Amino acid sequence: MQLRMTAISEPNRFRIVELLRDGPRSVGDIVEALSLGQPQVSRHLRLLSEAGVVEVTKRAQQRIYRLHPDAMRELSDWAQGFAVLWSERMDRLGAFLDDTADQ
């Protein structure tokens with residue numbers, strides 16, 4: 001999990017993950033969408049692949065990348081745990097502020 005978090009924490013890799021959220025894309029599509037060089041995009045994709053965040057398939061001369069569903073589910077579950085925690089804390093803060101305002 002930590003490897004995946006580290007991989008997507010870099011801004012360009014995070015942008016790649018956001019692009020792939022809409023569906024599979026070729027390296028060329030990613031290069032065009034992000035206005036980055038092909039070697040840079042390929043390096044980012046390799047790191048995302050090594051972390052298990054993306055999967056690659058070959059179609060003729062193209063490499064098509066897509067998000068790895070299990071990795072995304074794991075990251076989502078982790079983030080959801082924090083969402084619940086912060087929601088509970090905000091509810092307690094709201095109740096405290098309401099009590100303070102009544103006094």
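1. Start with Ile30. Setting aside neighbours within four places in sequence, Ile30 is in contact with Ile16, Leu19, Leu20, Arg25, Val41 and Leu45. Keep in mind that this is a predicted model.

2. Where does Ile30 fit in the wider picture? Ile30 belongs to the largest nonpolar core, which has 20 residues. Together with Leu48 and Val53, Ile30 has the most contacts inside that core. Several elements give two or more residues to the core: helix H1 (2-9), helix H2 (11-20), helix H3 (27-34), helix H4 (38-50) and strand E3 (62-67).

3. Now the overall plan. The protein has five helices and three strands. Read from the N terminus, the elements run α-α-β-α-α-β-β-α. Trace them in that order on the model.

4. Next, the overall dimensions. The C-alpha atoms fill a box of roughly 70 × 25 × 20 Å along the principal axes. The radius of gyration is 19 Å, whereas a compact globule of 103 residues would have one near 13 Å. Of the 103 residues, 28% count as buried.

5. Contacts along the chain deserve a look. Take the contacts with a separation of 6 or more. Residues 24 or more positions apart account for 51% of them. One pair to find is Glu18 and Leu67. These two are 49 residues apart along the chain, yet their C-alpha atoms are separated by 9.5 Å. Glu18 is found in helix H2. Is Glu18 buried, partly exposed or exposed? Its relative accessible area is 33%, so Glu18 is partly exposed.

6. Turn to strand E1 (residues 25-26), the place of Ser26. Ser26 counts as buried because its relative accessibility is 5%, and the cut-off for buried is under 20%. Which residues does Ser26 contact, leaving aside neighbours within four places in sequence? They are Gln62, Arg63 and Ile64.

7. Ala71 makes a second buried example. Ala71 is in helix H5 (residues 69-102). Its relative accessible area is 0%, so Ala71 is buried. Not counting residues up to four places away in sequence, Ala71 touches Arg4, Gly52 and Val53. Val53 has already come up as one of the residues with the most contacts inside the largest nonpolar core. The C-alpha atoms of Ala71 and Val54 are separated by 8.2 Å, with their positions 17 residues apart along the chain.

8. Check two backbone angles. Most residues other than glycine have a negative phi. Ser35 has a positive phi of about 55°, although it is not a glycine. Ser35 sits in the loop between H3 and H4. Is Ser35 buried or exposed? At 66% relative accessibility, Ser35 counts as exposed.

9. Ala60 is the other case to inspect. Phi of Ala60 is near 55°, a positive value in a residue other than glycine. Ala60 lies in the loop between strand E2 (54-59) and E3. Its relative accessible area is 69%, so Ala60 is exposed.

10. Finish with the surface and the charges. The protein exposes about 7,100 Å². Carbon and sulfur atoms supply 53% of that area. How many charged side chains are there of each sign? There are 14 positive and 15 negative side chains. The centres of the two sets lie 13 Å apart.

Notes
Residues are numbered from 1 along each chain as its sequence is written. This is a predicted model: local features need pLDDT of at least 70, side-chain atom pairs count only at pLDDT 80 or more; totals for chains, interfaces and linings use all residues. Side-chain values use heavy atoms; hydrogens and water are left out. A nonpolar core is a set of buried Ala, Val, Leu, Ile, Met, Phe, Trp, Tyr and Cys residues joined through side-chain atoms within 4.5 Å. Buried means under 20% relative accessible area, exposed over 50%, partly exposed in between (1.4 Å probe, protein chains only). Helices (H or I, at least four residues) and strands (E, at least two) are DSSP runs, numbered from the N terminus. Contact means heavy atoms within 4.5 Å. The radius of gyration is taken over C-alpha atoms; the globule rule is 2.2 Å times the number of residues to the power 0.38. Accessible areas come from the Shrake-Rupley method with a 1.4 Å probe; for residues, only the protein chains shown count as cover. Lys and Arg count as positive and Asp and Glu as negative; His and the chain ends are not counted. The place of a charge is taken as NZ of Lys, CZ of Arg, CG of Asp or CD of Glu.
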